[in-house]
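Visitor: I want the terms justified, not just stated. Can we go through them one by one?

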Amino acid sequence: MNIQTQRFIDRWAGQLLCGAVSGWVKLTGMFGAPARMPAAPKNILVILLSEMGSIVLAGPMFAALRRKYPGAAIHILQLKKNQEVSKLLSLTDAAHMHTLDDSSGASLISDILKVSLKFRSIGLDAVIDCELFSRVSALLSFSTGAPVRVGFTPHTQEGLYRGSFINHSIPYNPYQHISKQFLSLVDALQSPEAMPRNRAGAIREIPSEPELSVPFSADELRSYRQKVEVDHPVTASRALVLVYAGGGILPERAWPASHYARVVQGLCNAGYAVGLIGLKDDAVLARDLKTQVGSEACIDLTGYTKSIRELLMLMHASRLLITNDGGPSHFATVTPIQTMVFFGPETGKLYGPLGKKTIILESGIACSPCLTAYNHRLTFCDGDNQCLKRIAPDPVLAQALQYLGTAIESPAE
């Protein structure tokens, strides 16, 4: 099911269902004082249906849950296509990972019914809905039967109605990094008195690290580096720079291909190998870039890595990643690689990768950012993303070369 169909169903059918559930809750007397979190909960569910990068941004939240409730089983509900990341990052036990298949409407409805029954049989103490204004996730939080339901509320924002049955709600704040807001959801578990409506929330800095890691042995990384050199001999004598030029499900997040070509050409001329990464769907773009660059040092690595784990090993074997806003920029934070990431339709102030190895590139024009939870991430620029087009390639190339010039000269192992 494509993203526009999902948005249409969520907006219209979702609002009706949320209204019906809210009316039912009120009529049956369940609209009273919010349920309280037990001192020693046994089962907590986190609903996280967003893109894979959000899983990394939620890392501090999962760490906080484990510290605060060491005896609780932390369950995760996410889309089937995103589960690989959670398993790789060991967010919780594999037995506590649950999925929804959104490849078709029928499979999605079937899985929603199955997981709702399963969670009711488990007996959840609480559910945390990490989605901003998704109606389906709000309805799922109710269908699980959890007495404590935590999530974001639009408060007085119009057009974002998702019912009134989230009984431990916090206001969504578009001015605070999303990782800080995920941590506030953990605070809201405790009791109604701990909610921001009644007293101030905790003062926090943006988490300095994702609090997640993927262990690799030195032999494993060395072996993978050797594989890359055998498959692409140019990388044996040149340090490798990775470039992700695709826009993913939101093409307006992509820096212009011609700009990328200029930077890649400059890096190749300076003695570096540049690997164009991405999924198989990005192969056409990669071929076009290779043609524009016209250098044997520019190699097509789209589809080369067969898993997220392999992608992380490739990052370990590389010096620098230049990327659009998306999953690779967040995966990079659990590796030593330096990252330069473009933001425009969305902002690094809200969704920037965690850690200190990221350079955020933004133009700062008046209409940026334009994708928000309040407009369902629908831009009004009709694809003419001036916020990214106005980031000139030559300063980006200079900044990349400046970093590479101060890094260790031998390729990473």
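Guide: What follows is a set of questions on sheets and helix packing in this model, which is predicted.

Visitor: What order do the strands take in the open sheet that contains β1?
Guide: The order is β3-β2-β1-β4-β5-β6, with parallel pairing.

Visitor: What makes β3 and β6 edge strands?
Guide: Each pairs on one side only. β3 covers 97-100 and β6 covers 168-171. Neighbouring strands in this sheet are turned by 20° against each other on average, direction ignored.

Visitor: How do you know that β1 and β2 pair?
Guide: Pairing takes at least two bridges. Strand β1 (residues 43-47) and strand β2 (residues 73-79) have 5 bridges, in the parallel sense. Opposite Asn-43 stands Ala-73 in β2.

Visitor: Which strands does helix α5 lie across?
Guide: α5 (residues 105-122) lies across β1, β2 and β3. The angle to β3 is about 155°. Angles over 145 degrees count as roughly antiparallel, so α5 is roughly antiparallel to β3.

Visitor: Why is α3 called roughly parallel to α7?
Guide: Helix α3 (residues 59-68) and helix α7 (residues 178-187) have axes that cross at roughly 25°. The cut-off for roughly parallel is under 35 degrees, so α3 and α7 qualify. Their axes come within 8 Å, and the crossing is right-handed.

Visitor: Which residues make that contact of α3 with α7?
Guide: From α3 come Pro-60, Met-61, Ala-64, Leu-65 and Lys-68. From α7 come Phe-182, Leu-183, Val-186 and Asp-187. They divide into 7 nonpolar, no polar and 2 charged. Lys and Asp count as charged, so Lys-68 and Asp-187 belong in that class.

Visitor: On to the other sheet. Which strands stand at its edges, and why?
Guide: This open sheet has 6 strands in the order β9-β8-β7-β10-β11-β12, with parallel pairing. β9 (298-300) and β12 (358-361) each have a single partner strand, so one side of each lacks a neighbour in the sheet. Neighbouring strands here are turned by 20° on average, direction ignored.

Visitor: How do you know that β7 pairs with β8, and β10 with β11?
Guide: At least two bridges are needed. Strand β7 (residues 240-244) and β8 have 4 bridges. Strand β10 (residues 320-324) and strand β11 (residues 338-342) have 5. Both pairs run parallel. Leu-242 has Gly-275 as its bridge partner in β8, and Thr-323 has Val-341 in β11.

Visitor: Which way do the residues of β8 point, and are they buried or exposed?
Guide: Ala-273 and Gly-275 point one way from β8 (residues 273-276), Val-274 and Leu-276 the other. All are buried, with under 20% relative accessible area as the cut-off. In a regular strand, side chains alternate between the two faces of the sheet.

Visitor: Why are α9 and α10 called oblique?
Guide: Helix α9 (residues 257-269) and helix α10 (residues 283-293) cross at roughly 55°. That angle is not under 35 degrees, nor is it in the 65 to 115 range, so α9 and α10 are oblique. The crossing is right-handed. Their contact residues divide into 8 nonpolar, 3 polar and no charged.

Visitor: Which strands does α10 lie across, and at what angle does α10 run to β9?
Guide: α10 lies across β8 and β9, at about 160° to β9. That is over 145 degrees, so α10 is roughly antiparallel to β9.

Note on methods
Residues are numbered from 1 along each chain as its sequence is written. This is a predicted model: local features need pLDDT of at least 70, side-chain atom pairs count only at pLDDT 80 or more; totals for chains, interfaces and linings use all residues. Side-chain values use heavy atoms; hydrogens and water are left out. Helices (H or I, at least four residues) and strands (E, at least two) are DSSP runs, numbered from the N terminus. Axes are lines fitted to C-alpha atoms, for helices over the stretch in contact, and angles run from 0 to 180 degrees between N-to-C directions. Contact means heavy atoms within 4.5 Å. A crossing is left-handed if the near helix is turned anticlockwise from the far one by less than a right angle, and right-handed if clockwise. Buried means under 20% relative accessible area, exposed over 50%, partly exposed in between (1.4 Å probe, protein chains only).
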